[in-house]
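Here is a small set of exercises to work through at your own pace. Keep the viewer open, try each task yourself, and then compare your reasoning with the worked solution.

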Amino acid sequence: MGLRGEAAIVGCAQYKPEKYQTAPQMFHLEQAADLAGEALLDAGLSLGDIDGLVINGAHFHEASAFVPAIVAEYLGVKVNFAEVVDLGGTSAVAMIWRAAAAIELGLCSSVLCVLPQRMAPAGPDEDLAAAAKAMTYGAHSTTFGAPEAEFDIPYGHVGQNTGYAMIAQQYAYKFGYDTTAMAKIAVDQRYNAQANPEALFFGQSLTVDEVLASKLVADPLRILEIVMPVAGGAAVIVSSQSLARSCRHRPVLVRGCGERLSFKSPSYSHDMTTTPIAVAAKKAFDMSGLKPADMHMAQIYDCYTITVLLSLEDAGFCEKGQGMHFVREHDLTWKGDFPLNTHGGQLSFGQAGVAGGMSQVIEAVAQIRGDAGGRQLPVHDTAFVSGTGGVMSEQGVLILAGSN
Amino acid sequence: MQIPRPDPTAISRPFWDGLRQRIIQVPQCDHCDAWIFYPRRHCTECGSRRLTWRRVSGRATLHSYTFARVATLPAFAELPLQNLAIVTFEEGFNANTSLTGMNADDIHIGMALEPAFDVIDEQGTTRLLFTVANIDPTR
Ligand SMILES: [Zn+2]
């Protein structure tokens with residue numbers, strides 16, 4: 001059961017993360033076309049090869065419904081598989097396995113997965129105040145009848161920081177907490193970013209002391225343990241194995257996948273320190289026939305340091321409650337014995353909205369191809385990739401492996 | 001600034017009406033006894049659609065908390081230190097809330113709490129906050 005590993009990632013494109021103030025503004029449709037063009041060039045395919053489309057539906061600028069139809073028409077493609085994914089930070093991972101599954105079902109042979117996340121130009125009559133208000137509430141719904149509007153927002157439970165902070169506090173209560181180990185996650189990833197000219201924090205090194213001296217945002221999380229939202233975007237093309245063989249690069253096979261959505265607010269979880277990735281990772285590993293020890297790298301979704309810690313534990317890289325010990329005992333840099341987020345992670349690469357999760361997929365592809373430049377791993381055939389949406393609400397896992 | 005007001009729905013109204021009278025009532029499943037919070041019309045444990053509103057004491061323990069050093073909304077920026085809390089009612093269900101009338105140093109996970117009814121507007125809209133229990137929960 002599950003994926004047979006007969007679909008491969010063949011093309012990637014990604015905007016360099018930039019601060020919103022200085023990034024170009026483009027319509028999402030134009031970003032989709034631009035990113036698709038770059039990914040097709042990378043793959044060595046042409047527009048006519050695309051017969052599947054997966055796009056983010058939430059916050060797509062030029063449409064709130066019929067998004068795949070509008071995007072397909074704009075691109076000039078006719079597709080046998082059209083899908084909207086609305087899973088926050090795990091959208092990227094979710095897109096890749098849906099594409100692979102559609103290909104293995106025989107529905108299509110090349111699927112474009114695209115996440116435009118630069119800002120669009122404001123229209124002449126656009127209500128900027130309404131847009132700003134929507135930003136204030138972030139991922140929380142203020143609509144009448146939305147449970148969050150009634151039972152979260154009146155108590156100030158809004159945004160992501162405090163939710164992740166309360167998970168971290170509960171973790172500390174149950175298992176203890178080493179702020180130095182948590183800071184080391186950010187520091188090791190920043191080291192990796194120093195070998196990645198595309199990273200937002202390229203050229204800015206970081207020490208544990210600097211993390212621990214940075215501004216406390218929501219106890220125990222400090223600002224340097226929290227991703228910086230930036231403008232960007234990404235596209236990935238997944239193709240059938242037979243088509244992949246004629247593409248320009250080493251095909252990266254989608255060997256396993258898993259997905260788990262447990263709640264919107266972790267407050268309603270029976271155990272908020274055991275995260276949905278536990279189920280998703282087990283499914284993905286079982287499907288691939290591989291195990292955590294077989295992974296040559298881990299590209300773990302890192303909206304916060306605590307996300308990385310819990311993912312390491314629940315995906316099976318270490319025992320529950322041993323995450324801090326694991327982080328202390330291992331060198332997490334690209335030079336180290338447990339290469340983690342070798343592009344710098346989103347903490348140092350930048351988080352381009354829901355495209356942020358695609359940075360982890362694309363880094364795994366670059367490493368497996370052997371195209372990772374100054375941060376290339378010597379052994380680079382297998383990768384664990386994860387995504388996390390909401391407040392540990394929904395998580396996904398991919399097991400990727402280079403074709404022989 | 002005004003704290004965002006909860007707008008009761010036909011489904012949740014008994015909860016909010018109860019708070020105005022300083023009572024806490026929550027739907028309970030007739031079939032499996034699960035407590036359903038936030039209020040819904042079906043049981044999230046067994047799927048039954050036979051639920052009955054029942055009064056609970058509000059005795060709870062602190063499941064987790066944090067201090068928002070950056071206010072989560074402008075309405076909370078006036079507080080000296082905004083806190084957010086998740087509490088576990090003695091019946092076993094969790095709720096998002098905030099703690100009131102406590103010093104930051106006195107807040108710790110696992111502590112016993114009791115309800116504090118917080119009227120936020122002239123219409124009498126009431127939030128369910130919590131504060132340190134002044135009775136021994138073991139009695
Ligand atoms: Zn029931």
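## Exercise 1: A salt bridge within chain B

Arg59(B) has a relative accessible area of 37%, so this residue is partly exposed. Please keep in mind throughout that the model is predicted.

**Task.** Find which residue forms a salt bridge with Arg59(B), and work out how far apart in sequence the two parts are that the pair ties together.

**Solution.**
1. Start with the partner: Arg59(B) is joined by a salt bridge to Glu90(B), and their closest N and O atoms are 3.3 Å apart.
2. Next, place both residues. Arg59(B) sits in the loop between β2 and β3 of chain B, and Glu90(B) in the loop between β4 and β5 of chain B, so the pair ties together parts that are 31 residues apart in sequence.
3. Finally, check the partner's accessibility. Glu90(B) has a relative accessible area of 46%; since buried means under 20% and exposed means over 50%, Glu90(B) is partly exposed.

## Exercise 2: Salt bridges within chain A

**Task.** Take the salt bridge between Glu148(A) and Lys264(A). Is Glu148(A) buried or partly exposed, and is Lys264(A) buried or partly exposed?

**Solution.**
1. Begin with the distance: the closest N and O atoms of Glu148(A) and Lys264(A) are 2.5 Å apart.
2. Then locate the two ends. Glu148(A) belongs to helix α5 (residues 147-151) of chain A, while Lys264(A) belongs to the loop between β8 (252-261) and α10 (277-288) of chain A; the pair links distant parts of the chain, 116 residues apart.
3. Now turn to accessibility. Glu148(A) counts as buried because its relative accessibility is 12%, whereas Lys264(A), at 41%, counts as partly exposed.
4. For another case, look at Asp294(A) and Lys291(A), whose side chains meet in a salt bridge (3.3 Å, N to O). Here Asp294(A) is partly exposed at 24% relative accessibility, and Lys291(A) is partly exposed with a relative accessible area of 47%.
5. To finish, find the network of salt bridges that links Glu83(A), Arg98(A) and Glu259(A). Over all chains, the count comes to 19 salt bridges.

## Exercise 3: Where the chains meet

**Task.** Describe the interface between chain B and chain A: how many residues are in contact, what area is buried, and which elements of chain B take part?

**Solution.**
1. Count the contacts: 39 residues of chain B are in contact with 32 residues of chain A.
2. Add the area: about 3,000 Å² is buried between chain B and chain A, and carbon and sulfur atoms give 62% of this. On the chain B side, Tyr38(B), Arg69(B) and Asn96(B) lose the most area to chain A, together 21% of what that side buries.
3. Look at the polar pairs. There are 18 residue pairs in polar contact across the interface, both residues being at pLDDT 80 or more.
4. Assign the elements. Those giving two or more residues to the side of chain B that touches chain A are α1 (13-20), β3 (60-68), β4 (82-89), β5 (94-97) and β7 (126-132) of chain B. β3(B) contributes the largest share, six residues.
5. Sort by residue type: this side of chain B divides into 22 nonpolar, 12 polar and five charged residues.
6. Close with the charges. The count between chain B and chain A is one salt bridge: Arg69(B) pairs with Asp219(A), and their closest N and O atoms are 2.7 Å apart.

## Exercise 4: Aromatic pairs

**Task.** What is the geometry of the aromatic pair formed by Phe317(A) and Phe384(A), and which parts of chain A does the pair link?

**Solution.**
1. The whole structure holds 20 aromatic pairs over all chains. Phe317(A) and Phe384(A) are 5.0 Å centre to centre with 85° between the planes, and the pair is edge-to-face.
2. Phe317(A) lies in the loop between α11 (305-314) and α12 (323-329) of chain A and Phe384(A) in strand β10 (residues 382-389) of chain A, 67 residues apart.
3. Phe317(A) counts as buried at 12% relative accessibility, and Phe384(A) is buried with a relative accessible area of 0%.
4. Compare this with Phe15(B) and Phe37(B): their ring centres are 5.5 Å apart and their planes are at 65°, so this pair is edge-to-face. Both Phe15(B) and Phe37(B) are buried.
5. Lastly, see one aromatic cluster whose members include Phe151(A), Tyr268(A), Phe15(B), Phe37(B) and Tyr38(B).

Terms used:
Residues are numbered from 1 along each chain as its sequence is written. Chains are lettered from A and ligands numbered from 1 in the order in which they are written. This is a predicted model: local features need pLDDT of at least 70, side-chain atom pairs count only at pLDDT 80 or more; totals for chains, interfaces and linings use all residues. Side-chain values use heavy atoms; hydrogens and water are left out. Contact means heavy atoms within 4.5 Å. Buried area is the accessible area (1.4 Å probe) that two parts lose on being put together, summed over both. A salt bridge is a side-chain nitrogen of Lys or Arg within 4 Å of a carboxyl oxygen of Asp or Glu. A polar contact is a pair of N or O atoms within 3.5 Å; within protein, one must be able to donate a hydrogen and the other to accept it, and residues adjacent in sequence count only if both atoms are side-chain atoms. Helices (H or I, at least four residues) and strands (E, at least two) are DSSP runs, numbered from the N terminus. Ala, Val, Leu, Ile, Met, Phe, Trp, Tyr, Cys and Pro count as nonpolar, Asp, Glu, Lys and Arg as charged, and the others, Gly among them, as polar. Rings of Phe, Tyr and Trp (its six-membered ring) pair if their centres lie within 6.5 Å; planes under 30 degrees apart count as stacked, over 60 as edge-to-face and the rest as tilted. Buried means under 20% relative accessible area, exposed over 50%, partly exposed in between (1.4 Å probe, protein chains only).
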